[in-house]
Amino acid sequence: MSREDLAICDPISAFELPNIGYVFGGPSPAIKMEGSSDSGAKLDLPSEEIAKPLREVQWTDDRKEQLMSKICSYKMSCGVPARVLLLGPVGSGKSNFISSVQSIFSGRVLNHAMVGSSPTGFTKKLRTFTIKSKKGEGPTALSMCDVMGLGEGEGTGISFHDILAVIKGHAPEGHKFCPSRPLHPGTAGYREDPGVNDRVHCVVFVLDATRLDSYCRGLRGTFQQLREHISDLGVHQVAVLTHIDKACAVTASDVKDVYKSVTIQQMMSKAGEMLGMSISSIMPVKNYSSELDLDSHKDVLLLSAVDNIQEYADLYFQDQASKDLGPCGNTPTREFIG
């Protein structure tokens, strides 16, 4: 990012969260492990690692099917697919999240969004992925947009200017981002007058749970500035917390304990503080990475996040209607309002 976009980075200091007994970023309570994790190790977890569940989840195949059916049949208030933009630092798992969701509907683990690793990020272009229904069925009403990651140093990552251009619908599909060459009206494919189909209707911030206390302080300011500008555009925001299994032994042992884990609850609080967002808008997930087969418990967690994202995206259209702009935010539609 440019000097204006990103403040000088320095480590985020550790802090103590209220009602939790140890400092986030410090050593976790000891965990005794019998055998190695590769051999199906049993974890002898101290009681302080397990708390009252933050959220109640039905970890069943029936619940997975219910969520898939709801996502597939959901109709936006405007009648057009919602566009969701994923934003996060390089390596946070944006592309992997898209691929993981698509894998669930494909019935097997696939690398749809071209997941890779690079110090400067694997994604360089704007790419839109329509979430497809089960085989033989049509697409869902949800598309996810993948862009270059946020940088943690001067002149790196997608610029503040380009992020807002994408949200407003000016950026063409396939546009290659360059921090030193921001998008402008002379850019090939630039949309001067974007329609509702071109704009972004919800923004999902993606954070790596293992890096929450090592992200530079400048990112915190960048996130909160972005949130202010995005909110001014009438676009709602939520957050996804990735790599939870690498950050928490309880969750690594059994993903169903994600909302019982003190560590995950702390990380959700830390992410909320960084983004200036309530914990109710933060969703921990376990993306598919090295796995070859789907796991219904991970699927329920991922699909619950998508369901929440879809609801927030539809709020954009509902808000436009309530402002007498019509459900698509273009022209007044008295019949829709009432």
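## A tour from the aromatic pairs outward

Start by selecting Tyr316: this residue is buried, with a relative accessible area of 5%. Keep in mind as you click around that this is a predicted model.

Now add Phe317 to the selection. Together, Tyr316 and Phe317 make an aromatic pair in the edge-to-face arrangement, with 5.5 Å from centre to centre and 85 degrees between the planes. Phe317 is buried too, at a relative accessible area of 0%. Both residues count as buried because the cut-off is under 20% relative accessible area.

How many aromatic pairs does the structure hold? There are two, so there is another one to visit. For that stop, select Phe205 and Phe223, which form an edge-to-face pair at 5.6 Å centre to centre, again with 85 degrees between the planes. Colour by secondary structure here: Phe205 sits in strand E6 (residues 202–208), while Phe223 belongs to helix H4 (residues 217–232). The two are 18 residues apart, and the pair links distant parts of the chain. Are these rings buried or exposed? Phe205 is buried, with a relative accessible area of 0%, and Phe223 is buried with a value of 0%.

Next, jump to Phe97, in helix H2 (residues 94–106). Phe97 counts as buried, at 0% relative accessibility. Turn on Leu302 as well and draw a C-alpha to C-alpha distance: Phe97 and Leu302 come out 8.3 Å apart in space, though 205 residues separate them in sequence.

Time for a backbone stop. Pick His243, in the loop between strand E7 (236–242) and helix H5 (244–247). What should you check there? Look at phi, which is near 55 degrees for His243, a positive value in a residue other than glycine.

Finish on the outside. Switch on the surface and select Lys125, Arg127, Lys176 and Arg181, which gather in a patch of positive charge. Then zoom in on one of them, Arg127, found in strand E4 (residues 127–132). How much of Arg127 is accessible? Its relative accessible area is 34%, which makes Arg127 partly exposed. That value fits the patch, because members need over 30% relative accessible area and no salt bridge.

For a last view, show the patch around Arg127 along with the buried Phe205 and the buried Phe317, and rotate between them.

Definitions and conventions:
Residues are numbered from 1 along each chain as its sequence is written. This is a predicted model: local features need pLDDT of at least 70, side-chain atom pairs count only at pLDDT 80 or more; totals for chains, interfaces and linings use all residues. Side-chain values use heavy atoms; hydrogens and water are left out. Patches are made of residues with over 30% relative accessible area and no salt bridge: like charges are joined within 9 Å, nonpolar side chains (Val, Leu, Ile, Met, Phe, Trp, Tyr) within 5 Å. Accessible areas come from the Shrake-Rupley method with a 1.4 Å probe; for residues, only the protein chains shown count as cover. A salt bridge is a side-chain nitrogen of Lys or Arg within 4 Å of a carboxyl oxygen of Asp or Glu. Lys and Arg count as positive and Asp and Glu as negative; His and the chain ends are not counted. The place of a charge is taken as NZ of Lys, CZ of Arg, CG of Asp or CD of Glu. Helices (H or I, at least four residues) and strands (E, at least two) are DSSP runs, numbered from the N terminus. Buried means under 20% relative accessible area, exposed over 50%, partly exposed in between (1.4 Å probe, protein chains only). Rings of Phe, Tyr and Trp (its six-membered ring) pair if their centres lie within 6.5 Å; planes under 30 degrees apart count as stacked, over 60 as edge-to-face and the rest as tilted.
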